[in-house]
Structures are given as structure tokens and as C-alpha cells.
Amino acid sequence: MEQFQKLGICESLLKSIKEHNFEKPSEIQEKTIPLVLEGKDIIAGASTGSGKTLAFGSAILQNTKRDFGIQALVLTPTRELAEQNSKALIRFSKHNPLRITAIYGGVSINPQMDDLDRSEVVIGTPGRILDHLSRGTIELKHLKILVLDEADRMLDMGFREDVEKIISQCPKKRQTLLFSATISEDIAKLAHRYMKDPIEISAEQYVDPTKLTQVYYDVDDKEKYSLLVNLLEKEKAKLIMVFCNTRRNVDFVANNLKLSGIDALPIHGGFSQEKRTKIMEKFNNQRVQILVCTDVAARGLDIKGVSHVYNYDIPKESKEYIHRIGRTARAGKEGKVINIVASRDYENFRNVIKDDSIKITPEKLEFIQRVSLRWLPERRGFDRRDGGERNNFRRSFNNRDNRQDNRRGDDRNNRDDRDNRRYPARRENRSEDGNRRFSSNRSRDSDDKYSRNSNSSNGSSGRMGRKSGSFSKRY
Ligand code: AMP
């Protein structure tokens, strides 16, 4: 909280931030909040996921008074973003409530007129705001702050004229804040025409939504791993990050990939810093193509060239999801996010897609070549062999860093542990070399094929030959 306080944020907003469990300001917040609170005009290179809503929200929430008319207007390119911003600002203003209204087309205009009469903060799409202006049902004479959110998208969508008309009806004495993922020449022109000595701020490059494809597959729990391997083999990729919710699942997936002949490295908060650094170096230098990781290990890392993000486990909240997908589609490159959703992920997946800014399309699953699991983590809490794990677990409670990890889901103490245990159910056997093996009910052949369709009878057995197979060669 101290870091937020240093930026000049007032007590009531600090209280809300604390309730959001934000630990420290994001880069864009750190760079912009002191300036916006001073009343400066800014042009900020930031997009969804950067924390920009709080960046401009701080100026709005700290400088707006109740019952003094509309003092802040945020223009957004889409209804969804208008809704999302208004919900976020309402949450941030919990301890100093303001009347915040989202105004967009496609819904009845009459109730909006009443809302506008009472509002202090309006977030809206240009078309409908202009409509209200032409009807005289929105009053902008008290306006102090104008925000152009996702300005590049607004221009791309053909709103330039509308935006300029709206700006021309705002008081000249105002603060203007412009947020845009990309600062094109067009944006710069718009800014310099309508802003007062704007300060340009760029934060770390974030995701370009137009370059990002997000899909999900709905699969049976026992098909998760097979689908992952199938997709890793099928999809042409540069660097790949496979996210799991727990350290245990990271080890589980990484070890199985290795045994399937796929070169992958695990990384999580259970590793020493030295080991983590070495692994990241290898990944950054592209000496290994696949990183299997938890959120904690991957957070804040700027890795260039990640073309694919797999969510082997779906994160609990949209916030984590946004952090994960922010690893790809960076710096103008294409990116793909593949969510592997099984029944154990449904609750999390529902939470994630509640966030209107997240658009994930379903992908049809035609055929999965079955891949057997060979590496199984030792069970915890069941027998003596488990003492080391349990001790580690206990130690983690005496260790602050680990506690932080646990809060974020990077622990061994949640549902994913159970899920790993679910795989071997009654089907586990041991090979001669003492390794545990797992073979499916369908076939004892570890490389059997099957189809999800009813004509699966054609699922002839066939080896994937992954040990020396095509996958490792291709990469
Ligand atoms: P935004 O870019 O404003 O849409 O924010 C993206 C997500 O990051 C939202 O779920 C925010 O609640 C979250 N967020 C914003 N600021 C922070 C922060 N300082 N720490 C952690 N999460 C944040």
C-alpha cells in the first residue's frame, strides 16, 4: 500500500485498492498517477491488462465532487469497455461513492437521460454521447476531465469525427488523458490538437488485442494431457508457455512432456532463485521451446517471442488470466491462447469469462490421439514416503514468500492436487524399472488412438513415436 500512497492516492481510494488486493502499482500506474493527480495532460501507451483504468480513475475519483454535475467523461470504443470501466470505477469509488453511468447505443435512450441528470462521471461510446449532446440531454459545462480510452481503436472504428465533435463541446479548461495501445501518427495529431502540453508515457508493451486469438477446448478430465500433447504437436509455434495453477501440476505436466519426448522446462516458486534464473535464460535464449509454469514464476517477465500460451489449468480470476495472456501478442506479434477446459475448470472458467473484455471462442474437438501419463507425483499425506513433501508444505507456512505464492494459487493445497490423483484411479501399475505407469482403460498400449466420435472403432492403434519422433525434430 505504501507504494500506492507515495503516488499521492487519497485514503478512500487506498482503502478500495487494498480490498482489491493489489500489492503494488503496475508500471503504467506508477508512471502516470502522480502526473494525472497534478492535473497534467498525458498520452499513455497502454492497453487492456495494464491497469490503466486505475491510472485515469485516480484522477477522476480524487477530483470529482458529489452533486456538481458531470465532471468526468470517458470515451470508449465499445459498449463492453464502457461497461467494464464503469464497473471498475464503481468498485474503486466504494469508499467515496460517486454516481457513475455507462452510456452506449443499442439500448433505450430514455432511462439514460435520467441517469445523466444525476451523474458525476460518464463513460460512454462516441455515437450515443453525441446523440445525447444533439438532444441536449447531457451537460458538459462542468467537465474537468476527459479521457480517451483505447484511442487507437476508436479511430480504427471510424469514430474520429464523433470524438472531435464531442471534444469541441467540452470546456477548453480541462484535463485530457489519452490511453492507447499504439501511438500512431493519427493519435499524435489528435492529441496535439486537443491537449495541453501532453506528456508522453510509455509502459511495457502490452497485448495487442487485434493480434490475439483466444480459444478453448471443452474436454474430459482424462483427455487434458492428451489434448495438450496433440496441440503442441499440431500448432506451429515459437516459444510456448503452459500455465498450471499449482507447482505440483507444473511438475506433473513438465515431467510427462519430457517422458513423451517433448523438451519442456518447469518453473515455479518452489525452485531456488538461481535455478529459476537459469531456466528463464534458457527459455529467453530459445534453447528450450516450452516453459511449464505457475503464475508466480511468470509474472512480470518480459519474454519476447511467445507465440502460444496454454492454460492447462484455468486461473481462478480474470486478473490472472489477463496476466497470462499478456505474455503473448506483444510488440505487434501474433499470439494464440489455448484454454484446455475440463469439468474441474468450469468454475474458474466461468469467473474468467465474466470479464467482458475477455473474448474466448470455442474450438471444435474432432480427434485426440491418446497419450499416456507416465510420471505421477507422490501422493501427499498418505504414507511415509511423503514426509519430505509434507515438511515442505509445513515450511511454506513459515515462509512469507511461499505464503504469497499460496494466496495466488501457486500452492499444493488446492483442487489441482486432487486432480492429479484422479488420473491414476485404479489404473496405475508399475513397470519393471519401478516407474509408475498409467494406462487407459481403452488400451494398454500407451500410444493408442481413438476418436471422440461414435465411429471411434476406426481408432486403430498406432505409435506416436514421440521419444525420437517428429515433435522434437520439428523444433
Ligand atoms: P485494466 O488494464 O485497468 O483493465 O486492468 C486489468 C486488470 O488488472 C483488472 O482486473 C484490474 O483489476 C487489475 N489490476 C489493475 N491494477 C492492478 C495492480 N496494481 N495490481 C494487480 N492487479 C491490478
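This passage walks through a predicted model, from the overall fold to the nonpolar cores, one central strand and the ligand shell.

Starting with the whole chain, the model has 20 helices and 18 strands. The chain runs to 475 residues, and 43% of these count as buried. Long-range contacts make up much of the picture: take the contacts between residues at least 6 apart in sequence, and 73% of them turn out to join residues at least 24 apart.

On to the nonpolar cores. In soluble globular proteins, nonpolar side chains tend to be buried together. Here the largest nonpolar core holds 55 residues, and L75, L177 and L178 have the most contacts inside it. Helix α4 supplies the largest share of this core, with six residues. A second core, separate from that one, contains 49 residues, including V292, I340, V341 and V371. Back in the largest core, L75 is worth a look for its neighbours. Leaving aside residues up to four places away in sequence, L75 touches G124, P126 and I129, then V147, L148 and D149, and also M154, V163 and I166.

V292, one of the residues of the second core, leads to strand β11, which spans residues 290-293. Along this strand I290 and V292 point one way, while L291 and C293 point the other way. Both pairs are buried. Strand β11 also has partners. With β9 (residues 239-243), β11 pairs in the parallel sense over four bridges, and V242 is the residue that stands opposite V292. Strand β10 (residues 264-267) likewise runs parallel to β11 and is joined to it by four bridges; in this pairing P266 stands opposite V292. So much for the strand; the ligand comes next.

Which residues are closest to the ligand? The shell contains 14 residues, and the closest are F22, S26, G51, T53 and K319. Two elements each give two or more residues to this shell, namely α4 (52-63) and α15 (318-325). Helix α4 thus turns up twice, once at the ligand and once as the element with the largest share of the 55-residue core. In make-up, the shell splits into eight polar residues, four nonpolar ones and two charged ones. Both domains take part around the ligand: domain 1 (2-202) gives at least three residues to the shell, and domain 2 (209-377) also gives at least three.

Terms used:
Residues numbered from 1 in each chain as written. Predicted model: local features only at pLDDT ≥ 70, side-chain atom pairs only at ≥ 80, totals over all residues. Near = placed C-beta within 6 Å. Nonpolar A, V, L, I, M, F, W, Y, C, P; charged D, E, K, R; others polar. Domains from an automatic or database assignment. Buried ≥ 20, exposed ≤ 12 C-beta atoms within 10 Å, placed from the backbone. Pairing = 2+ DSSP bridges. Contact = placed C-beta atoms within 7 Å. Core = buried A, V, L, I, M, F, W, Y, C linked by C-beta atoms within 7 Å.
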